[in-house]
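This report describes one protein chain for a reader who has not met it before. The sequence and structure come first, and the description follows.

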Amino acid sequence: MFPFFRYYPFFYLLSSVFHFSPVFPARTLPDFTTLDADNNNYAWRNFARFLDAGKGSEVNGMSELKKYLNRFGYLPIPPHNNFSDFFDDQFVSALILYQNRLGLSVTGKLDSETIASIMSPRCGMSDLIKINNNNNTTIHSTRRYAFFNGQPRWIRSSTLTYALSPDYTIEYLTSSEIRKVVRRSFSRWSAVIPLNFTESSDYESSDIRIGFYRGDHGDGEAFDGVLGVLAHAFSPENGRLHLDAAERWAVDFEQEKSKVAVDLESVVTHEIGHVLGLAHSAVKESVMYPSLSPRGKKVDLRIDDVEGIQYLYGTNPNFKLKSFLESEKSINSGSSSSSINTNFFFLLFFYLLVLVWSLFY
């Protein structure tokens, strides 16, 4: 993701100006983040000036927004690879497509909801067109869930092996902690389809290979540091699942207090969906929705995830749809107020940011 599409300076800037505690537990930002006040102020002034921009306007820095939309499949590369700062018809069409695809209000403008979505850390897989594998495949949408072109799936066996890279890992989480998270993530998918997953000690020969990588790591999709793109994976039967080692990965938010911490289980569960053949969903509550907020948690499969993966693999004989729907209803009733509060405070912070910018700049 591009340098000023970063989440953490927003909370840092507001808390430093108004001297209040952010929604996330207070803590000095960890060593792996480097905050430069001048650069961050410039970045967030750019966001403020984007707010409610519409067709016909020209805003300094809009070319970066166009690069973002191109990165995730919504906007073609222009002649000579030169994106302009002009809000043209093509950009309007790309915004409408983005808003439609991610379940946002369709305005064709850079409203607060759309900017908040662009600011959110997310999966590095493209939403619509270009998929990062050797076949240059595209996504075919069915209902709200989506598949890779040709609907590839694993057919070699009813049991797939997976392994964690012994070389590409992170030091602040133990191997045991990571393995438990990965095991739980796979079990969520095996509970709904007739496919089993077994951990292997042989990384190179495993069907699914999981590792933590930094920056350019040789697959054509370099990671970008803290937040931005969190992870990416490849369609069947490639088996590669890569996590950005620069993130502050968490397995327990009671223990990990960083404001930029990312829930490892949520991201691994999402990326396994890609490994199995699912593309991004337009359902915000689904595991396969592309973005995840810092300190957010989304590990429970929703009916959209289940319908999509069962379309590819069929149903686990032990899966009970009625029980699942009752469980989902319970999850929905318990999480709706939390979601509303999170969205409210996020938008409140955004408007406070605009206020700060108008007062001091």
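Glutamine 151 sits in the loop that links β2 (145-148) to β3. The model is a predicted one. In it, glutamine 151 has a phi near 50 degrees, which is a positive value in a residue other than glycine. Glutamine 151 counts as partly exposed because its relative accessibility is 27%, and partly exposed covers the range between under 20% and over 50%.

Other backbone features also fall in or beside loops. Leucine 227, in the loop between β5 and β6, has a positive phi of about 60 degrees although it is not a glycine. Leucine 227 is buried, because its relative accessible area is 0%. Glycine 314 comes just after α8 and has a positive phi too, of about 85 degrees. The table lists these phi values.

| Residue | Phi |
|---|---|
| Glutamine 151 | near 50 degrees |
| Leucine 227 | about 60 degrees |
| Glycine 314 | about 85 degrees |

The loop between β6 and β7 holds glutamate 237. The peptide bond that leads from proline 236 to glutamate 237 is cis, and its omega is near 0 degrees.

**The chain as a whole**

Nine helices and nine strands are found in the protein chain. The chain has 361 residues, and 55% of them are buried. Of the contacts between residues at least 6 apart in sequence, 68% join residues at least 24 apart.

**The sheet**

Five strands form an open sheet with mixed pairing, in the order β4-β3-β5-β7-β6. Its edges are β4 (196-199) and β6 (231-233), each of which pairs on one side only. From one strand to the next, the twist averages 20 degrees. At one edge, β6 and strand β7 (residues 240-244) run antiparallel and are joined by three bridges. Alanine 233 has leucine 241 of β7 as its bridge partner.

Two helices are described here by how they lie against this sheet. Helix α6 (residues 175-190) packs on the sheet and touches β3 (159-164), β4 and β5 (208-213). The direction of α6 makes about 155 degrees with that of β3. Helix α7 lies across β3, β4, β5, β6 and β7, and runs at about 150 degrees to β7.

**Helix pairs**

Two packed helices are described by the angle between their axes and the distance between the axes. For α6 and α7, the angle is about 50 degrees and the axes are 9 Å apart. The pair is therefore oblique. The crossing of α6 and α7 is right-handed. On the α6 side, the contact is made by Ile178, Val181, Val182, Arg184, Ser185, Phe186, Arg188 and Trp189. Helix α7 contributes Leu264, Glu265, Val268, Thr269, Ile272, Gly273 and Leu276. By type, the residues of this contact of α6 with α7 are nine nonpolar, three polar and three charged.

A second pair is made by helix α4 (residues 89-101) and helix α5 (residues 112-119), which pack at an angle of about 75 degrees with their axes 11 Å apart. Helix α4 is therefore roughly perpendicular to α5, since that term covers 65 to 115 degrees. Leu95, Tyr98 and Gln99 of α4 meet Thr114, Ser117 and Ile118 of α5. The residues of the contact of α4 with α5 divide into three nonpolar and three polar, with no charged residue.

**Serine 291 and helix α8**

Where does serine 291 lie? It is found in the loop between α7 (264-276) and α8 (303-313). Is serine 291 buried or exposed? Serine 291 counts as buried because its relative accessibility is 17%, and the cut-off for buried is under 20%. Leaving aside neighbours within four places in sequence, serine 291 is in contact with Ser120, Pro121, Arg122 and Lys298.

The helix that follows this loop, α8, is mostly covered, with eight of its eleven residues buried. The buried residues in α8 are Asp304, Asp305, Val306, Gly308, Ile309, Gln310, Leu312 and Tyr313. Just after α8 comes glycine 314, with the positive phi listed in the table.

Methods:
Residues are numbered from 1 along each chain as its sequence is written. This is a predicted model: local features need pLDDT of at least 70, side-chain atom pairs count only at pLDDT 80 or more; totals for chains, interfaces and linings use all residues. Side-chain values use heavy atoms; hydrogens and water are left out. Helices (H or I, at least four residues) and strands (E, at least two) are DSSP runs, numbered from the N terminus. Buried means under 20% relative accessible area, exposed over 50%, partly exposed in between (1.4 Å probe, protein chains only). Contact means heavy atoms within 4.5 Å. Two strands pair if DSSP finds at least two bridges between them. Axes are lines fitted to C-alpha atoms, for helices over the stretch in contact, and angles run from 0 to 180 degrees between N-to-C directions. Angles under 35 degrees count as roughly parallel, over 145 as roughly antiparallel, 65 to 115 as roughly perpendicular and the rest as oblique. A crossing is left-handed if the near helix is turned anticlockwise from the far one by less than a right angle, and right-handed if clockwise. Ala, Val, Leu, Ile, Met, Phe, Trp, Tyr, Cys and Pro count as nonpolar, Asp, Glu, Lys and Arg as charged, and the others, Gly among them, as polar.
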